Structure formats: C-alpha cells, structure tokens
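Work through the exercises below with the sequence and the coordinates open. Each task is followed by a solution in steps.

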Amino acid sequence: LQLTLAIIKPDVVAHPHRLKEVKQLILNNNFYFVRSQERRLQRKIVEQFYAEHKGRFFFNRLVGFMSSGPISVHILAREDAIAKWREAMGPTKTFRAKHEVPDSIRARFGLTDTRNATHGSDSAETARKEMTFFFPDFDID
Ligand code: ATP
Ligand code: MG
C-alpha cells in the first residue's frame, strides 16, 4: 500500500454534509484513513506549507483561503494512492474539472480555482514531506 496526504479544504469543511460526502467518497474509492485531524491553520503555517507557490499571483488568495476556517487533514492508504487520489480529485481548476471530469471531487464540490475542495500530494517525496508536516509523530517507515 502507498500513502498520500489529503486535505479537505475550508470550503467543504464549512458544510458538514459536504464534508461527510467527501469522506464517504474517499472510502468508496478504496482508501483507508490512516491518520486524521481537523484543525485551523494560521497564515504563517499555510505559507510554510505552500512555500513552493510563494510569488505566484494566487498565493495571497490561497493563503487567505486555507487559513479562513478549519481543514480536515488525512493520511490515506491504498494501492497507488498518490495517483488515485489526484485522479479522484480531478483537475486543479474547478471550471476545467466541471467541464472535463464532471464526476470528480473538485467538479462536484469546488467553488472557484482557489476554493477547489481538496488537496493531494503530487509525488512520493511531497507525500512524505506533507505527512511529516501535519503528523510529525507518524512513523512513515
Ligand atoms: P493541490 O496542491 O491543492 O493538491 P494542485 O497540485 O492540483 O493542488 P497546485 O498547482 O499545487 O495545484 O496549486 C495549489 C493550490 O493553489 C490549488 O489547489 C488551488 O487552490 C490554488 N491555485 C492553483 N492555481 C491557481 C490559479 N490559477 N488560480 C487560483 N488558485 C490557484
Ligand atoms: Mg500541488
């Protein structure tokens, strides 16, 4: 089994029914929840998490959004978890997702390009970094 880090973003967590639906979808896609936490991040923590995007035109919006309310963070396990989770999420841009992959999570729950419902690690190396970022006590090996 492979592990990945998934974040359900504030736009979904703000709506308990949508949060429940996304969690059920995760289970329906054959992922196991390995670790979970719900927390609200301060701006400077979000800036650290998204450091690679510093300087991009959407950075301020992204940081504002991700610190605007509680997020639901999970370590997920399944075979080929990183790719399968990104596939389940669909394209980054909500409007592209709605157009191209209408049954994806971002198509169904995303609101805008910034408020796009979920996050998923994009490689084994980022997965490891992101899992340690949110679950420092989790023993990956
Ligand atoms: P994530 O890292 O959240 O899984 P991703 O890897 O598909 O998404 P990134 O390019 O890493 O996309 O962008 C990180 C986040 O920044 C996106 O999920 C989205 O919330 C925001 N973002 C990315 N591109 C744009 C954009 N063009 N306009 C507005 N927000 C954007
Ligand atoms: Mg990314």
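**Exercise 1: two positive phi values**

Task: decide whether Asn30 is buried or exposed, and do likewise for Ala117.

Solution. Asn30 has a relative accessibility of 54%, so Asn30 counts as exposed. The classes are buried for under 20% relative accessible area, exposed for over 50%, and partly exposed in between, with a 1.4 Å probe and protein chains only. Ala117, with a relative accessible area of 0%, is therefore buried.

Next, place both residues. Asn30 is in the loop between α2 and β2 (32-39), and Ala117 is in the loop between α7 (105-109) and β4. Helices here are DSSP runs of H or I with at least four residues, strands are runs of E with at least two, and numbering starts from the N terminus.

Last, read the backbone. Phi is near 70 degrees in Asn30 and near 75 degrees in Ala117. Most residues other than glycine have a negative phi.

The basis is a predicted model, in which local features need pLDDT of at least 70, side-chain atom pairs count only at pLDDT 80 or more, and totals for chains, interfaces and linings use all residues. Residues are numbered from 1 along each chain as its sequence is written, chains are lettered from A and ligands numbered from 1 in the order in which they are written, and side-chain values use heavy atoms, without hydrogens and water.

**Exercise 2: surroundings of Leu25**

Task: state which residues Leu25 is in contact with, leaving aside neighbours within four places in sequence.

Solution. Start with the position: Leu25 belongs to helix α2 (residues 16-28). At 15% relative accessibility it counts as buried. The contacts (heavy atoms within 4.5 Å) are Ile105, Arg108 and Phe109.

**Exercise 3: aromatic rings**

Task: classify the ring pair of Phe49 and Tyr50.

Solution. Rings of Phe, Tyr and Trp (its six-membered ring) pair if their centres lie within 6.5 Å; planes under 30 degrees apart are stacked, over 60 edge-to-face, and the rest tilted. The count by this rule is six aromatic pairs. For Phe49 and Tyr50, the centres are 5.0 Å apart and the planes are at 80 degrees, giving an edge-to-face pair. Both residues, Phe49 and Tyr50, are buried. Finally, extend the network: ring pairs join Phe49, Tyr50, Phe133 and Phe134 in a cluster.
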